[in-house]
Amino acid sequence: MGSAVAAEPPATFPTTPPVPGAAPTLTIPTPTSQTLPNGLRVISVRRDGLPLVTARLVIRSGDEMDPPTQAGLADLTANLLTKGAAGLTAPQIATAAETLGGSLSAAAGWDESDVGITVTTPRLPQALALLAKVVRQPAFDARELKRAQAQAIDEVRLTLSKPTALAGLVAARGTFGTGAYGHPRSGTPASIAHIGRADVQQWHAALYRPDNAILVLAGDITPAQALQLAQASFGDWSRPATSLPAKPPGSGERSLPAVVLVNQHGAGQAGVVASHPAPPRSDAHYYDGLVADAVLGGSYSARLNEEIRIKRGLSYGAFSELQPLRNAGAWLASAQTRNPAVPQVVDLMLAQFHQLGAENVPDAELAARKATLIGSYGRSLETTTGLATQLAELAVYDVNLGEISRFPDQVNAVTPRQLRKYAHKHLDADEATVVVVGDASQFAAAVRKTHPKAVLLDAATLDLDRADLGAGAATH
């Protein structure tokens, strides 16, 4: 055997990451908006290259329209659309979609409900015909309703068993109170059980109507083709003579204290969620908030995760999310941690909120967060599904459709001063609701040393259908 060759000395690597490069230019054709005589808005955007089109029929009403005692009604209604319609059973609808090379998805969210499918261009007429059937002629079969209710209740119970998820639901009550965005979107076991077939039928009849709907078509399609196909499948959809139900206020009377501790007996870990009221999507400073959120907790390398996970190992992840809705909004931060570490995590979260509104973000940090934000946005537009999703959101919130291509410029235009001013205004500690769910015996006394007015509740007696979570639930 030959003699061994001496190894090359290791290369010297830089100790700091390179400066972020310029953001890529997004090239997006201008979307076209047209309206049928019945009031249905048709939005299309052409993307050449692949013979694919994503179609989404969006109803401009969602979970915010749930009646006070029937949380989960919008979710249940959307879920049932594909479970039987126009004489077709759920398996037949699924088979019809698969035959076209796609699958139907249906869901509800805040401010919207939608049904979508992606198919090759030649199959689009048949896909839209199927979409029209499930949206316009759902059967709402009693057996399917019962099955969907049982599944929904099981899923909700699973959610309620998770500390961070339960903390988020309680925080929503603290932020929105009696408002439309305060209740659990998916409902509660009690509210779901109280929904009958007539309730679903009435909800659908009142809100699933052409003058409350948007058809979004993204992909290999021209505006003329979009209008013709929309007319063929939805042109004879009659607009009711009655007016649309009014949107309820998003926020209402708030009755919870600033810090809420929820004892989940035997929980191995605790969920910590801090929520602040935020402006609606129409706010003129929307992009300031988006960039501020990116700095605070929008990615792995953002401040919350840096302070809570990377530096101290107190959580597997700490993040934040800006949720701007139609007539209100919320800014949520969350982390899951060891029960004894709760006081430290709460203090770290509140300190990061304060710092964001008190000091300018350094230029290098701001540039990195902007690059991450723009890169993520660009990736979301790479598919026809992502493109349709972004257009639908703009349309639901009455934002100019041209914003879809101006996103990078709007983000890059945010200055450190604008960010600090926005955070100072909207991350005021006096407006925050901090919720901790876990084994309270391991953290309640320590939290109360810093927050003596913190209220202690029991997870077993919480009533999420009430803004105060249930009279008599508090222990002091």
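Let's start at a single side chain: Arg-209 has a relative accessibility of 3%, so it counts as buried, the cut-off for that class being under 20%. Keep in mind as we go that this is a predicted model. Where along the chain does Arg-209 sit? Look in the loop that runs from helix 7 to strand 8 (213-219). If we set aside the neighbours within four places in sequence, the contacts of Arg-209 are Trp-237, Arg-239, Pro-240, Thr-242, Ser-243 and Leu-244.

Helix 7 is a good place to step to next. This helix, residues 197-207, gives the most to the lining of the second largest pocket, contributing five residues. The pocket itself has a volume of about 370 Å³. Its lining is made up of 22 residues, and the closest to the pocket centre are Glu-64, Met-65, Asp-66, Pro-67 and Pro-68. What is the chemical make-up of that lining? It divides into 12 nonpolar, five polar and five charged residues.

The residues closest to that centre, Glu-64 to Pro-68, take us to a stretch with an annotation. In an unreviewed entry, UniProt places the feature "domain: Peptidase M16 N-terminal" at residues 42-158. Over residues 42-158, helix accounts for 42% of the chain and strand for 26%. From one end of this stretch to the other, the C-alpha atoms are 39 Å apart.

Further along the chain, helix 10 (residues 303-310) shows how a short run can be covered by its surroundings. Which of its residues are buried? They are Arg-303, Leu-304, Asn-305, Glu-307 and Ile-308. Among the elements that cover these buried residues are helix 9 (286-297) and strand 11 (315-324). Strand 12 (329-338), helix 11 (342-358) and helix 12 (363-380) also belong to that cover. As a reminder about helices in general, an α-helix has 3.6 residues a turn, so residues three or four places apart point the same way.

Now let's step back to the whole protein. It holds 16 helices and 14 strands. The radius of gyration is 25 Å, close to the 23 Å that the globule rule gives for 476 residues, so the protein is as compact as a globular protein of that length. Taken along the principal axes, its C-alpha atoms fill a box of roughly 75 × 65 × 60 Å. Of the 476 residues, 50% count as buried, and Arg-209, where we began, is one that counts as buried. Finally, among contacts with a separation of 6 or more, 81% come from residues 24 or more positions apart.

Definitions and conventions. Residues numbered from 1 in each chain as written. Predicted model: local features only at pLDDT ≥ 70, side-chain atom pairs only at ≥ 80, totals over all residues. Heavy atoms only, no water. 1 Å grid on protein atoms, 1.4 Å probe; cavity = no way out; pocket = protein on both sides within 12 Å on 5 of 7 lines; lining within 4 Å. Points joined across faces, edges and corners; volume = space filled by probe spheres on them. Helix = DSSP H or I, 4+ residues; strand = E, 2+ residues; numbered from the N terminus. Nonpolar A, V, L, I, M, F, W, Y, C, P; charged D, E, K, R; others polar. UniProt positions renumbered as here; feature names shortened; annotations may be inferred. Buried < 20%, exposed > 50% of the residue type's maximum accessible area, 1.4 Å probe, protein only. Contact = heavy atoms within 4.5 Å. Rg over C-alpha atoms; globule rule 2.2 N^0.38 Å.
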